[in-house]
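Please open the structure in your viewer and keep the selection tool at hand. The tour below goes from one helix out to the whole of its chain.

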Amino acid sequence: MTLALALAALLAVASVVVVALPFLRDPEPVSDALDELDAAERHRLELFETRDRALAALKELEFDHRTGTVSDDDYRALVGPLRREAAGALQALERDGATRGVDGIEEEGRPTGERIS
Amino acid sequence: MAELGRAALVVSLGLSVYALVAGAAAAHLGRRRLAFSAQNALLAAFASTLIASAVLLSALLRNDFSFTYVARTTSEALPTAYTISAFWGGQEGSLLLWLLVLTGFAAAAVRLNRGWARDLIVWVVPVFGAVSTFFAFLLVAVANPFATQAAPADGLGMTPSLQNPYMLAHPPLLYLGYVGLTVPFAFAIGALLSGRTDERWLVATRRWTLVAWTALGIGQLLGAHWAYEEVGWGGYYAWDPVENAALMPWLAATAFLHSVMIQEKRGMLRVWNVLLVLLAFSLSLFGTFLTRSGVVNSIHSFTQSSIGPWFLAFIGVVVTVSLALVFWRLPRLRSPTRLESAISREAAFLYNNLLLLALCLTIFWGVVYPLLSEAVRGEAVVLGREYYDFFLRIFGLPLLLLMGIGPLIAWRRASLRSLLTTFRWPTGVAFVTGVVLLALGAGSSVPGLIAYTFAAFVVATITLEFVRGTRARKALGATSWPGAFSSLIARNRRRYGGYVVHAAIVLLAIGVAGSSAFDTVAEAKLTRGQTMEIGDYRLQYRELDERIAANATEIRAELAVTRGGRDLGTLEAGKNAYTIEEQVSNEVGIRSDLLTGEDLFVIAEQIDPDGTVYFRVFVKPLVNLIWLAGLVFLLGSLITLWPDAREQRRLVERTREIGVPATN
């Protein structure tokens, strides 16, 4: 009984320590703000998703055409719009990158994170 | 040690509440250290639940009957393996297993994804906290496994039908499946709460959903095999409410695994996918409720308890809050693209989804109908096998056909001319199969014949896909044919692993159709020396043995079996009389022909004191393909689940490109 209670108390203390660990490790942080995506970054993420989706679709179409799953006629009808979609996403990303290159200077005061743009 | 177990559960409850409250506050206020602290609370809750589980397991293994749970579910004579399985055999233990797996999955899912989806994870933690709070609360306040009493001399033992090797794996796998569906649910709700409705919650949860889905699938097959061997009625699936309880979330998860591809490839069905995840999780809670509350009559329900109202209330809260969140975030969930053609791969997936959902809801209606009829008319009306079989044919056969059609249609749109060319081989194979089977007499069951014809169509398309793909890989520079084949799978594990899973479903369909539509049955009351016949088989009842096992008296009738004059050896069928449990179980005799997949299945229905035995005998063609399907299903799932290093690199790279650090 006594041993069980002692172990239980130990477990409770250990749990409190684990939970408090982020505060114990970093008692006075420069900033305690979460590193979250802002509106521009979310937009950029959507552009990346569109780009990756279009490129993956193009790759799959090429392979399906090669295997014969997609006929020549269907391939010709589908490949154009997909290429345009992929090119559009890449151009949008380029434009966005150029804009961010200028705006990014103002964002250097961000608390954490190594910005690459 | 019961005090330690109780304390560990209270600590788990406290940590879960902290993960919920602190996690929600951190997400709302944008506090980094508080968010990490809440994440640590989930990890600590897992450790604490692990300690509680160790205490219970230790009590079981020591036969410590001062634990009420141990005394109620085990006995001194119970073999050790079943003593371990008593952990999940009773109500409180199974809820503890739920909490253990849940906190373990939560800690792992948060840990694995917090690098590249940190802003999303912050909102996921309180959701995990909320679900684990519910289960920890149940264990602390309603169904405590650490209740104690003055220790009796021996325990009450375990229900005989649970004393089966399949019970060592079947329930834990189902729980892995049920609990695993919490992960996509938590990420979906986290995405809705945070407004991060981009693809990351899908990518983060795809493998978790697959793990849960695989566990549910294999768990159900093991359960079916248990029913086949142990329950002794001659079948493997009886549309029992508790069996259906596991099938419904599996169907919803199957629909999700297909429709998620449409979102990833085309950016469509965003609302639909969120709703499917919510449905799958709600059904997994409903399944646990059905199994554990004792609210329905079932051969698989071994408990009557008071947790029902708590579960219903929790399911109500989950459904209401989830739907409110979906409604709130509808503007963010609108798809940028539309379905371009009714003849396209995404359209085929959509039809597949509608059929899966229709089957799922039909089963749901069959499960709740007795409860509703009892509430309204005061009499529980049970929808029988005919109801379920009818809808299985209506929705299941088109689903089978779609498995063959979907992979051969292009995304976006396909021309009719192209389809005619693509499908000429599979259609030809299906047609020839149908004609041959008809000539062989398979026309006695029209649904069976259709199932086999469609199965041939699907097998042809899968084979065609593998052959064409391997040929293309070889042309693209693979050095050998095996190299081309492995490169084909390695470059698109989801697609080709999916085909292997489709092959498993075909095997399952063939096995189910063969054993249910084309089986034969014979009954006879025999005295020693007498014979009976069924199909080509001839069975002679030789003698009746009685022997004492560790915890039961075993009575076995020995039968000599011949087929077409060829000696096939002997087969035993009988009953076990369990002394401590004071129950009798049927112990069937099964002779499997691994070449044809056929089973000879013998039940000793009634054994008279003079040694006369009333036998019921089945011949079940192709039934072993059902169990083989389980192995193929597992193989396909493993191929699909295998980590894709290129995809991981792409995700990390994408995160870096946006400007968020990819690691902590």
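Select first the face of α12(B) turned away from its buried side, where the exposed residues are B:Pro309, B:Ala313, B:Gly316, B:Val317, B:Thr320, B:Leu323, B:Ala324 and B:Phe327; exposed means 12 or fewer other C-beta atoms within 10 Å of a residue's own, buried means 20 or more, partly exposed lies in between, and C-beta atoms are placed from the backbone. This is a predicted model, in which local features need pLDDT of at least 70 and side-chain atom pairs count only at pLDDT 80 or more, while totals for chains, interfaces and linings use all residues. Residues are numbered from 1 along each chain as its sequence is written, and chains are lettered from A and ligands numbered from 1 in the order in which they are written.

Next, select B:Phe311, B:Phe314 and B:Ser322, which are buried in α12(B). They cover an arc of only 65 degrees around the axis (taken from the directions from the helix axis to the C-beta atoms), which puts them on the same side of α12(B).

To see what covers these buried residues, add helices of chain B that include α6 (118-142), α8 (182-194) and α11 (270-293). Helices here are DSSP runs of H or I with at least four residues, strands are runs of E with at least two, and both are numbered from the N terminus.

Finally, select the whole of chain B, whose secondary structure comes to 22 helices and nine strands. Its C-alpha atoms fill a box of roughly 85 × 75 × 60 Å, taken along the principal axes, and 53% of the 664 residues of chain B count as buried.

Key
Two residues are in contact if their C-beta atoms, placed from the backbone, lie within 7 Å.
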